[in-house]
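Here is a short briefing on one protein chain. Keep the sequence and the 3D view open while you read.

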Amino acid sequence: MVNKFFPVSIDLNHKNVLVIGAGNIAYRKIETLLKYNCNIKVITKDISEKNILSLYEKKKIELINSKAFEEKDLENVFLVVAATDNEEINKNISDLCIKKNILVNNITSKNDMNLRFMSICEKDDIQIAVSANGNPKKAVEMKNKIKELI
C-alpha cells in the first residue's frame, strides 16, 4: 500500500530531532533542519560525511559517534530521520517511531515513514513546498521551475 501524505507545515522551534546516520543524505537533511531552530542530535556508527563533523565543531549539532541506535534513544524526541545506509535498520527505526507516535522520515523507503521532507522554495514572505511522492529529484526539478516563475 502506498501512503498518501497530507502536506502540512510544522513548527520545529526548540524541538528535539534525532538523525541516525552520518552520510551525505543525513547531512543534507541536517542542513535543512538547521534553518528551523531545532535541537539536532546525530547518532552514528561512523561518519562518512565530514561536513557533519564541521557542524559538530561549530556547536550546531550534538554528535554521538561510534554508537549503534537503541530504542532508548527515542526518549523525548519529536522527529527522527532514519538515514543509515541499511534499509532494514531504517525500517526498524521507522516501525518503532510509528508505534510511539514519533514523526519519522526514512531515507531508504517511500512508504516506511509518516513524514516526508519537501523541496522548499522561499521568496519574501512566501514559502512553497513541493513533494513528488518520494521522488526528491523530481521535487527539486519542480521547485526550480517555480523559482523561475516567482
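The points below cover the sheet, the helices, the salt bridges and a few single residues.

This is a predicted model. Its 5 strands form an open sheet with parallel pairing. Helices α1 and α2 pack at an angle of about 35°, and helix α3 lies across β1, β4 and β5. The structure holds 4 salt bridges.

**The sheet**

- The strand order is β3-β2-β1-β4-β5.
- β3 and β5 stand at the edges, and each has a single partner strand, so one side of each lacks a neighbour in the sheet.
- On average, neighbouring strands are turned by 15° against each other, direction ignored.
- Strand β1 covers residues 16-20 and is joined to β4 by 4 bridges. The two strands run parallel.
- Within this part of the fold, leucine 18 stands opposite valine 80 in β4.
- Strands of a sheet pair through backbone hydrogen bonds, in either a parallel or an antiparallel way.

**Helix α1 against helix α2**

- Helix α1 spans residues 24-34, and helix α2 spans residues 50-57.
- Their axes are 9 Å apart.
- α1 passes α2 in a left-handed crossing.
- On the α1 side, the contact is made by Ala26, Tyr27, Ile30, Glu31 and Leu34. On the α2 side, Asn51, Ile52 and Leu55 take part.
- By type, the residues of this contact divide into 6 nonpolar, 1 polar and 1 charged.

**Helix α3 on the sheet**

- α3 runs at about 165° to β5.
- Serine 94 is found in helix α3.
- Is serine 94 buried or exposed? Serine 94 has a relative accessible area of 0%, so it counts as buried.
- Leaving out residues up to four places away in sequence, serine 94 touches Val104, Asn106 and Asp112.

**Salt bridges**

- Lysine 67 and aspartate 73 meet through their side chains in a salt bridge, at 2.8 Å from N to O.
- Aspartate 73 is buried, because its relative accessible area is 14% and the cut-off for buried is under 20%.
- Lys67, Glu70 and Asp73 are joined into one network by salt bridges that share partners.
- Lysine 100 forms a salt bridge with glutamate 71. The closest N and O atoms of this pair are 3.1 Å apart.
- Where do these two partners sit along the chain? Lysine 100 is in the loop between α3 (87-99) and β5 (103-106). Glutamate 71 is in the loop between β3 (62-65) and β4 (79-82). The pair is 29 residues apart and links distant parts of the chain.
- Both ends of that bridge are partly exposed: lysine 100 has a relative accessible area of 41%, and glutamate 71 is at 42%.
- Lysine 91 and aspartate 95 form a salt bridge of 3.1 Å, N to O.
- Both of these residues lie in helix α3, 4 residues apart, about one turn of the helix.
- Lysine 91 is partly exposed at 34% relative accessibility. Aspartate 95 is partly exposed at 30%.

**Asparagine 39 and its contacts**

- Asparagine 39 lies in strand β2, which covers residues 39-44.
- Asparagine 39 is partly exposed, with a relative accessible area of 36%.
- Neighbours within four places in sequence aside, asparagine 39 is in contact with His14, Lys15, Asn16 and Val17.
- The C-alpha atoms of asparagine 39 and valine 17 are separated by 5.9 Å. Along the chain, these two residues are 22 residues apart.

**Residues with positive phi**

- Which phi value does histidine 14 have? Histidine 14 has a positive phi of about 65°, although it is not a glycine.
- Histidine 14 lies in the segment before β1, and at 54% relative accessibility histidine 14 counts as exposed.
- Asparagine 37 also has a positive phi, near 55°, and is a residue other than glycine.
- Asparagine 37 is found in the loop between α1 and β2. Asparagine 37 is partly exposed, with a relative accessible area of 41%.

Technical notes:
Residues numbered from 1 in each chain as written. Predicted model: local features only at pLDDT ≥ 70, side-chain atom pairs only at ≥ 80, totals over all residues. Heavy atoms only, no water. Axes fitted to C-alpha atoms, helices over the stretch in contact; angles between N-to-C directions. Left-handed = near helix turned anticlockwise from the far one by under 90°. Contact = heavy atoms within 4.5 Å. Nonpolar A, V, L, I, M, F, W, Y, C, P; charged D, E, K, R; others polar. Buried < 20%, exposed > 50% of the residue type's maximum accessible area, 1.4 Å probe, protein only. Pairing = 2+ DSSP bridges.
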